[in-house]
Amino acid sequence: MSLSKKLIKSSDKNPAEKTPFYFYLILILIPLLFFILLESGLRLFNYGYNLSMWVEVAEGKYMMNWDVSHRYFYTVKSNPTSIKDIFDKEKAPNAFRVFVVGESSAAGYPYLPMGSFSRYIRKRLELNYPDLKIEVINTALSATNSFTIRDFIPEILEQKPDLILMYAGHNEYYGALGVGSQESVLSSTGLVNFLLYMNKFKTTQLIRDILKLFVEVVADDNSDPVSGTLMSRMAAEKEIEFNSEKFNAGLEQFKANMTDIIEMVKDKNVPIIISTLASNLKDQSPFISIESKKSPSADKIFNDAKAEFAAQNFNRADSLFRYAKDLDGLRFRAPEKINTIIKNIAGIYSIPVIDTDSLFASMSQSGIVGDNLMTDHLHPTLDGNQAIGNLFYEMMRKKYILPKNSKEIIPIEHQHQLTSQQFVFSTFDSVVADYRIRLLKNDWPFINPKLKKSLWDICTPKNFIDTIAVKFLLGQKSWDQNIESIADESLSRGNVKGLVEHMRALIYQYPIMIDLYDKLEAVALGFIKKNEFDNAAEVLKLEYELKPNSFCAKWLGQIELTKGNTLEAINYLEESLVHNSEDEQVMYNLSGAYAIVENYKKSYELITKLLKKNPNHAGANKVINQLRPLI
């Protein structure tokens with residue numbers, strides 16, 4: 001065969017047929033192995049943020065991770081955190097566990113951390129079921145939307161909830177990753193949710209950080225990304241026209257995520273209750289009025305609504321106020337179609353829905369919501385939050401989503417009033433909330449940023465609590481540090497009620513801080529040594545309310561004895577013995593209390609038990625000699 005024929009024959013062969021299979025396997029495995037090693041290395045050196053949803057804050061206790069919001073915020077600094085509800089890592093057999101999901105309204109803004117509707121529900125459950133472990137965990141974050149909730153749900157379901165409550169929908173446009181948000185990265189809902197899944201990996205954080213650094217280097221924008229309120233910083237597209245492509249994209253985003261959320265929850269057979277949204281209709285004019293050939297201007301419709309309201313044509317006024325809100329180009333308030341989507345999805349999946357929108361209308365003058373129930377454009381007042389909590393609770397009762405094998409101990413007609421009376425909220429929280437709203441309305445979009453006043457002009461302190469509130473908003477000390485300093489200052493000024501009020505809030509927020517109970521006991525003993533029994537009782541009753549134990553029950557019983565309130569004393573002393581059956585002082589005093597009410601048999605039995613324990617107890621020997629003739 002000639003050389004040319006050999007070359008032709010050789011060239012007819014397919015070189016790929018000789019390539020081993022493992023060659024392609026190696027081509028695939030090399031980049032995969034690279035990313036596995038990179039991810040492992042980043043985790044080993046603890047690169048970036050811990051983005052897990054839960055962190056252990058004490059032995060066996062979980063709290064929502066304060067860094068978890070870094071999953072959703074890439075450019076905005078000072079990320080929001082939860083209100084830091086604490087719950088057991090392992091769910092107790094007698095626990096009733098409720099999770100709340102949502103945005104700033106659900107978190108209780110501006111009354112953070114104490115004023116949310118979730119805290120109302122927690123208190124009402126605690127009052128009705130004192131023998132159960134009540135856990136109401138609020139996962140709501142400011143400036144987030146349905147993307148965040150959808151991302152949270154699988155990790156919430158892992159914690160074995162008995163119920164999930166949702167109040168969300170206002171932030172679909174400007175919440176993190178929303179279609180008009182500063183943090184928007186992709187237009188496809190599916191791709192955004194895939195990105196959120198990938199955010200759980202350290203490699204994704206590294207890529208994000210590299211891109212962020214590159215953008216900062218090449219950007220020409222000299223604006224300060226951290227100036228102003230979080231609300232003012234989140235809006236990228238400040239004009240989204242009614243029924244425009246962006247407008248409809250926000251609705252589709254909400255609908256798709258809500259559908260996924262409900263299906264995930266239903267798949268685990270966990271009850272869920274969702275709510276419609278309320279907005280400030282009457283007292284919040286449109287932020288941006290767009291001149292358009294397709295629709296009238298928001299300002300014109302709003303003025304027409306005010307005219308109809310003045311003429312007492314309230315049904316017409318309500319329709320126009322709602323239309324003006326929908327025409328508002330700056331989409332901080334949910335359009336009416338969001339509530340329609342909520343009701344439709346609830347109907348499709350047979351989900352209970354509470355109608356907060358209708359409730360607030362029924363509580364408002366002429367049926368139109370304004371500043372009576374809203375602190376600003378959409379955040380409910382404290383009364384409004386408690387009304388939402390009451391509405392959720394009533395639906396829980398209606399649908400039998402309450403602790404099983406237990407009964408409410410308070411008659412239904414008294415529950416709301418009693419819960420509102422015992423709702424834990426301090427003067428400091430009230431001042432901070434007022435200042436937060438003042439500062440919010442001292443910035444865009446409520447005013448021209450050029451007209452902004454300084455914080456000290458807006459928040460003028462009149463007393464030491466006001467001063468501490470301003471410093472807190474400036475980032476000086478944490479909430480708990482400021483609350484405790486107010487309690488200490490109240491004590492130094494002889495203001496026992498102020499001490500008790502703020503210690504109650506602090507312990508209710510952080511019940512795992514054992515040293516706080518020790519502090520209460522030390523203060524109570526200080527008053528007892530000075531014979532200031534009324535002040536001691538105030539402090540002891542707080543500890544008894546929050547965590548009944550032998551110490552507070554014992555001293556409350558002894559104080560009641562000194563006042564001549566024998567029956568009340570007996571109740572406290574008996575409870576003290578339940579906690580500590582070996583306390584000789586309690587046994588002695590309780591035996592004496594029984595004798596005073598002529599229950600000589602019980603008195604004799606108890607004093608006999610004391611003498612078996614301590615035959616040399618001088619007081620007990622005298623008492624038993626007095627009791628023998630009476631038995």
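Here are a few notes on the sheet, a surface patch and the cavities of this structure.

1. First, a caveat: this is a predicted model, and what follows should be read with that in mind.

2. The sheet is an open one, built from five strands with parallel pairing. Going across, the order is β5-β4-β6-β7-β8. That leaves β5 (133–138) and β8 (353–354) at the edges, each with pairing on one side only.

3. If you want a spot to look at in the sheet, try β4 against β5. Strand β4 covers residues 95–102 and runs parallel to β5, with six bridges joining the two. Within this pair, Val 100 sits opposite Asn 138 of β5.

4. On the surface, Leu 29, Leu 32, Leu 33, Ile 36 and Leu 37 make up a nonpolar patch of about 470 Å². Take Leu 37, which belongs to helix α2 (residues 21–44). Is Leu 37 buried or exposed? Its relative accessible area is 55%, and exposed means over 50%, so Leu 37 counts as exposed.

5. Inside, there are two cavities of 30 Å³ or more. The largest has a volume of about 50 Å³. Which helices each supply at least two residues of its lining? They are α11 (314–327) and α12 (336–348). The lining residues include Arg 322 and Lys 325, along with Glu 336 and Asn 339. Also among them are Leu 277, Ala 278, Ser 279 and Leu 281, as well as Ala 334, Pro 335 and Asp 357.

Notes. Residues numbered from 1 in each chain as written. Predicted model: local features only at pLDDT ≥ 70, side-chain atom pairs only at ≥ 80, totals over all residues. Heavy atoms only, no water. Pairing = 2+ DSSP bridges. Helix = DSSP H or I, 4+ residues; strand = E, 2+ residues; numbered from the N terminus. Patch = residues over 30% accessible without salt bridge, like charges linked within 9 Å, V, L, I, M, F, W, Y side chains within 5 Å. Areas by Shrake-Rupley, 256 points an atom, 1.4 Å probe, with all protein chains shown as cover. Salt bridge = Lys/Arg side-chain N within 4 Å of Asp/Glu carboxyl O. Buried < 20%, exposed > 50% of the residue type's maximum accessible area, 1.4 Å probe, protein only. 1 Å grid on protein atoms, 1.4 Å probe; cavity = no way out; pocket = protein on both sides within 12 Å on 5 of 7 lines; lining within 4 Å. Points joined across faces, edges and corners; volume = space filled by probe spheres on them.
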